Amino acid sequence: MKFLGIIPARYASTRFPAKPLAILGGKTVIQRVYEQVAGVLDDAYVATDDERIEAAVKAFGGKVVMTSVHHKSGTDRCYEACSKIGGDFDVVVNIQGDEPFIQPSQLNAVKACFEDPTTQIATLVKPFTADEPFAVLENVNSPKVVVNTNWNALYFSRSIIPYQRNAEKQDWLKGHTYYKHIGLYAYRTEVLKEITALPQSSLEIAESLEQLRWLENGYKIKVGISDVETIGIDTPQDLERAEEFLKNRG
C-alpha cells in the first residue's frame with residue numbers, strides 16, 4: 001500500500017498566530033513536523049493557505065501545496081491537497097502541523113491498522129496511566145475514546161467515558177483503562193472523498209469533534225495504540241514546554 005502524508009498548516013490561529021513558523025530549537029515548528037514524517041511515509045506534503053508558510057517549507061527543502069483559505073477542518077484541507085497532488089496513493093495520513101514530536105512508531109501504528117482490509121479510517125489512542133491526576137482525565141481539551149472488541153471506536157467525547165457508577169472518582173483510573181485520543185488520522189483515499197462531502201452532524205456540533213460526523217454516518221474508525229507522549233503546541237506556553245522537552249531530551 002502507498003501512504004501519502006499531508007500536514008495541514010494555517011497561519012491564522014486564535015490562540016497562537018503564525019504558530020507553524022514559531023522557532024523551536026532553531027527550526028520552525030512546521031519543519032520539525034515535516035522532518036519527523038518524511039521518510040516514514042511514501043511521500044509527504046505541507047498543505048497551507050499562506051504564502052509565508054509555503055516559502056518557509058520550500059526554504060528547508062520540503063514539499064508544499066497551496067489550498068483554500070475557506071476550509072473548516074484539516075480533513076477538508078487534506079482532501080484538496082490530495083486532489084492536487086494526484087498519484088496512486090491508497091491511504092492519506094493527516095498529521096497535525098503543531099505536533100513536532102510525532103514519532104515514526106506512531107505513524108507505523110496507524111499504517112498497521114490498514115492491514116485489515118475493512119479499515120476505512122484509522123486513528124491512535126494512548127492509555128491514561130493509573131498514577132495520573134484525575135484532572136488530567138477530566139481535561140475537556142483531551143478527548144477520550146471507547147472502543148469495541150475489534151478495536152473500532154464506539155465514541156469520542158470531551159467528557160469522561162465510561163462513567164463508573166459504583167466507584168469513587170479518585171479510583172477511576174485504577175479500576176478501568178481510559179484512552180486518550182491522539183489527533184492523527186488516516187483515511188483510504190476514496191473514503192476521504194466521501195467524508196468531506198458530508199454535512200456537519202449534531203454530535204459533531206455538540207462536542208466540536210469532527211470524527212463524530214463520520215461515526216454518525218456509519219463509518220468505522222479503527223484504533224491503534226501508542227505509548228508515546230507528545231507535546232502539541234496550541235499556545236506560546238506550549239512552545240516553552242516544548243523547548244524544555246527538547247533540552248531535556250538533548
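**Close-up views of a predicted model**

**View 1. Strand β4, a strand wrapped up by its surroundings.** All six of the six residues in strand β4 (residues 43-48) are buried, so the rest of the structure largely encloses this strand. Keep in mind, here and in the views that follow, that this is a predicted model. Follow the side chains along β4: Asp43, Tyr45 and Ala47 point one way, while Ala44, Val46 and Thr48 point the other way. Residues on both sides of β4 are buried.

**View 2. The strands that pair with β4.** Let us look at the partners of this strand. Strand β1 (residues 3-9) runs parallel to β4, and six bridges join the two. One pair to find is alanine 9 and its bridge partner in β4, threonine 48. Strand β5 (residues 64-66) also pairs with β4 in the parallel sense, over three bridges. Here valine 46 stands opposite valine 64 of β5. To get from β4 to β5, the chain passes through helix α2 (residues 51-59), making a β-α-β crossover that is right-handed.

**View 3. The largest nonpolar core.** Val46 turns up again in this view: together with Val93 and Ile95, Val46 is among the residues with the most contacts inside the largest nonpolar core, which has 38 residues. The element that gives the most to this core is helix α1 (residues 29-37), with five residues. Another core, of 29 residues, lies apart from it, and includes Tyr179, Tyr187, Leu198 and Ile221.

**View 4. The contacts of isoleucine 95.** Which residues are in contact with isoleucine 95, once its neighbours within four places in sequence are left aside? Gly5, Ile6, Ile7 and Pro8 are among them. Val33, Val37 and Leu41 also belong to the list. Ile102, Leu107 and Leu184 complete the set.

**View 5. Helix α10, with a buried side and an exposed side.** Helix α10 (residues 236-249) has 14 residues and reaches 20 Å from its first C-alpha to its last, close to the 20 Å expected at 1.5 Å a residue. Asp238, Leu239, Ala242 and Leu246 are buried in this helix. These four lie on the same side of α10, because they cover an arc of only 100° around the axis. Turn to the other side of α10 and you will find Glu240, Lys247 and Asn248, which are exposed. What covers the buried residues of α10? The cover includes β2 (23-24) and α1, and α1 is the helix already met in View 3 as the one that gives the most to the largest core.

Terms used
Residues are numbered from 1 along each chain as its sequence is written. This is a predicted model: local features need pLDDT of at least 70, side-chain atom pairs count only at pLDDT 80 or more; totals for chains, interfaces and linings use all residues. Side-chain values use heavy atoms; hydrogens and water are left out. A nonpolar core is a set of buried Ala, Val, Leu, Ile, Met, Phe, Trp, Tyr and Cys residues joined through side-chain atoms within 4.5 Å. Buried means under 20% relative accessible area, exposed over 50%, partly exposed in between (1.4 Å probe, protein chains only). Contact means heavy atoms within 4.5 Å. The expected span of a helix is 1.5 Å times one less than its number of residues. The arc is that of the directions from the helix axis to the C-beta atoms. Two strands pair if DSSP finds at least two bridges between them. A crossover is right-handed if, with the strands pointing away from the viewer, the path from the first strand over the helix to the second runs clockwise.
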